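Colleague: Could you take me through one part of this model closely, and then work outwards from that part to whatever surrounds it? I would rather have one connected account than a list.

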Amino acid sequence: MRSRSSIEIRRCRPLLGTFVEITARGGDERLLARGIEAGFDAIARVNRLMSFHDPLSDVSRMNREAFPKGVFVHPWTWQVMRAAKRFAQESHGAFDITVAPLLTKWNYLPDRCYRFSPTSTWGDIFLRRHYEVFFCRNLIVDLGGIAKGFAVDRAVEALKDNGVRAGIVNAGGDLRTFGPDSQFIHLRHPVEPTRIAGAVRLRERAIATSGIYFERRKHHAQYVSPLLDGRSGRTVRELISVTVAAAECMVADALTKVVFALREEAACLLARYRADALLLERDGAPSWMFHSPCDTRDRTRFD
Amino acid sequence: MKSEFVFIALPASALIAPSAFAVQYLTVEQAQHAIFPGKSFTAAPVKLTSVQRKAIEQASGVRVLHDEQQVWRVSGGGWFIVDEVVGKHEFITYAAGLTPDGSVKQIEIMDYRETYGDQIRDQKWRAQFVGKTSKSTLKLDSDIKNISGATLSCRHITDGVKRLLACYEIALKH
């Protein structure tokens with residue numbers, strides 16, 4: 001239990017195109033405030049490096065010059081690119097950071113007039129030594145499906161480095177808890193996002209939920225969403241949500257997209273990352289739940 | 001307690017009741033201290049003329065909803081502004097610190113309310129957020145503290161800041 005004398009500070013800033021909230025506990029006010037500042041700094045840095053919108057970001061530089069020259073990027077960007085490639089490989093292309101042309105077409109991303117060849121894929125991305133990224137064909141990458149989770153992980157690291165013992169970093173619904181106490185995390189209702197469908201309890205773990213409630217749009221009389229199956233380019237239209245819990249928020253963030261595309265077939269990959277998954281249907285009830293096998297936690301319990 | 005990935009469904013009654021999510025992060029004084037630590041503040045509210053209003057709208061491309069802008073002059077230079085934005089699902093009060101040369105120093109969200117559009121249009125509902133004097137760092141409607149699931153985009157804040165920067169150029173700078 002938390003001691004009654006411990007204070008909690010909670011701050012929120014607009015970053016990564018959403019609202020990022022940092023909660024810090026365990027220490028005096030000065031220490032917590034310094035930790036929170038360092039956490040926001042880390043997130044702002046990821047924002048600068050991986051923004052699709054900022055022409056000076058690593059992502060924009062890659063999209064302009066990785067083909068045919070190759071581009072040297074920040075080690076963090078490299079790390080995310082490497083993870084993205086691994087997720088693409090392991091999900092057989094369901095997770096894909098090269099679907100940006102479709103997102104541009106549907107107005108989820110601004111049109112930067114980059115050149116791309118329609119048949120290029122994530123397989124055309126090569127990561128070389130000294131943090132160099134090279135595309136062997138014209139393609140456009142967008143790290144929107146993974147960078148938010150990575151930013152949360154870096155913020156948690158910064159908070160811990162500054163002596164904060166417990167807290168939560170929540171970047172627009174992708175969050176990670178750290179410290180000795182477990183936390184209740186509520187999940188949005190898949191159809192009515194201002195309502196809560198239920199909760200899970202987490203300790204030292206990250207969770208990410210993907211749904212399309214706020215983002216569904218009409219394009220040529222058909223609904224589209226920024227959630228795509230990289231293999232077919234098919235967009236998610238159902239008002240359901242996928243929640244994944246994992247040790248790292250980047251993993252949770254990326255795996256929600258994989259579960260959306262592969263559903264039950266994602267079980268193998270979830271197990272490999274020791275991740276749990278939950279699929280909520282239109283009525284807010286869970287229709288599928290996966291527990292990673294390699295842990296000592298309680299078995300499934302539906303209340 | 002250990003971590004357990006067990007889904008706890010809420011009873012149907014909890015689903016029917018609209019559960020607007022709301023957090024108060026900072027009072028005006030706390031936001032001032034967070035953005036400009038150790039400084040003092042002199043209230044310098046701005047009342048925009050219709051000409052200024054139009055000029056701000058033209059320069060920023062964002063509609064100006066209020067003639068009055070809550071502004072403080074910061075000792076040693078700079079400005080502290082409290083502003084609000086209203087979106088389809090949100091009602092947010094935030095503070096912006098501007099450096100003496102008019103660039104953004106820091107943005108802090110003060111109040112975050114997420115709800116249905118019709119509540120936002122309700123004057124009585126909105127009135128409850130005006131003139132808060134609470135000293136607590138955090139106030140919640142219920143026990144719902146952390147929500148997983150895509151939140152709203154911060155586009156309205158980005159637009160709000162654009163409007164404030166235009167307001168600085170037109171009404172504060174000189």
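Modeller: What follows starts from one strand of chain A and then moves to the core, the domains and some local details.

The model is a predicted one, and the part I have chosen is strand 15 of chain A, residues 241–246. Is this strand enclosed or open to the outside? With 6 of its 6 residues buried, strand 15 of chain A is largely enclosed by the rest of the structure. In a regular strand the side chains alternate between the two faces of the sheet. Here A:Ser241, A:Thr243 and A:Ala245 point one way, while A:Val242, A:Val244 and A:Ala246 point the other way, and the residues of both sets are buried.

Strand 15 of chain A has a partner in strand 10 of chain A (residues 206–211), the two running antiparallel over 6 bridges, and within that pairing A:Ser210 has A:Val242 as its bridge partner. Strand 15 of chain A also pairs with strand 16 of chain A (residues 276–280), again in the antiparallel sense, over 5 bridges. A:Val242 appears in this pairing as well, standing opposite A:Leu279 of strand 16.

A:Val244 leads from the strand to its surroundings. Leaving aside residues up to four places away in sequence, A:Val244 touches A:Ala208, A:Ala252, A:Leu255, A:Thr256, A:Val259, A:Ala275, A:Asp276 and A:Ala277. A:Val244 is also named, with A:Ile43, A:Ala155, A:Ala252, A:Leu255 and A:Val258, among the residues that touch the most other members of the largest nonpolar core, which holds 128 residues. The largest share of this core, 11 residues, is given by helix 6 of chain A (residues 249–262). Domain 1 (58–135) and domain 2 (182–290) of chain A both contribute residues to the core, so it lies between them. As a general background, nonpolar side chains in soluble globular proteins tend to be buried together.

The relation between the two domains can be followed further. The C-alpha centres of domain 1 and domain 2 of chain A are 23 Å apart, and 15 residues of domain 1 are in contact with 16 residues of domain 2. On the side of domain 1 of chain A that touches domain 2, the elements giving two or more residues are helix 3 and helix 4 (100–105) of chain A, and helix 3 gives the most, with 4 residues. By class, that side of domain 1 has 10 nonpolar, 3 polar and 2 charged residues.

Helix 2 of chain A (residues 58–65) has as its buried residues A:Asp58, A:Val59, A:Met62 and A:Asn63. Because they cover an arc of only 135° around the axis, they are on the same side of helix 2 of chain A. What covers these buried residues includes helix 1 (29–50), strand 3 (71–72), helix 3 (75–90) and strand 5 (132–135) of chain A. In the loop between helix 2 and strand 3 of chain A lies A:Pro68, which is joined to A:Phe67 by a cis peptide bond with omega of about 0°.

Two further loop residues deserve a careful look, given that most residues other than glycine have a negative phi, and most peptide bonds are trans. A:His130, in the loop between strand 4 (125–128) and strand 5 of chain A, has a positive phi of about 60° although it is not a glycine; A:His130 is exposed, with 6 other C-beta atoms within 10 Å. A:Arg263 is found in the loop between helix 6 and helix 7 (267–272) of chain A and has a positive phi near 50°, and A:Arg263 is partly exposed, with 14 other C-beta atoms within 10 Å.

Lastly, A:Val200 takes the account towards chain B. A:Val200 belongs to strand 9 of chain A (residues 196–202) and counts as buried because it has 23 C-beta neighbours inside 10 Å. Not counting residues up to four places away in sequence, A:Val200 touches A:Ile185 and also B:Phe5, B:Val6 and B:Phe7. Chain B itself has 6 helices and 10 strands, and buried residues make up 34% of its 174 residues.

How values were computed. Residues numbered from 1 in each chain as written. Chains lettered and ligands numbered in written order. Predicted model: local features only at pLDDT ≥ 70, side-chain atom pairs only at ≥ 80, totals over all residues. Buried ≥ 20, exposed ≤ 12 C-beta atoms within 10 Å, placed from the backbone. Arc of directions from axis to C-beta. Contact = placed C-beta atoms within 7 Å. Core = buried A, V, L, I, M, F, W, Y, C linked by C-beta atoms within 7 Å. Domains from an automatic or database assignment. Nonpolar A, V, L, I, M, F, W, Y, C, P; charged D, E, K, R; others polar. Pairing = 2+ DSSP bridges.
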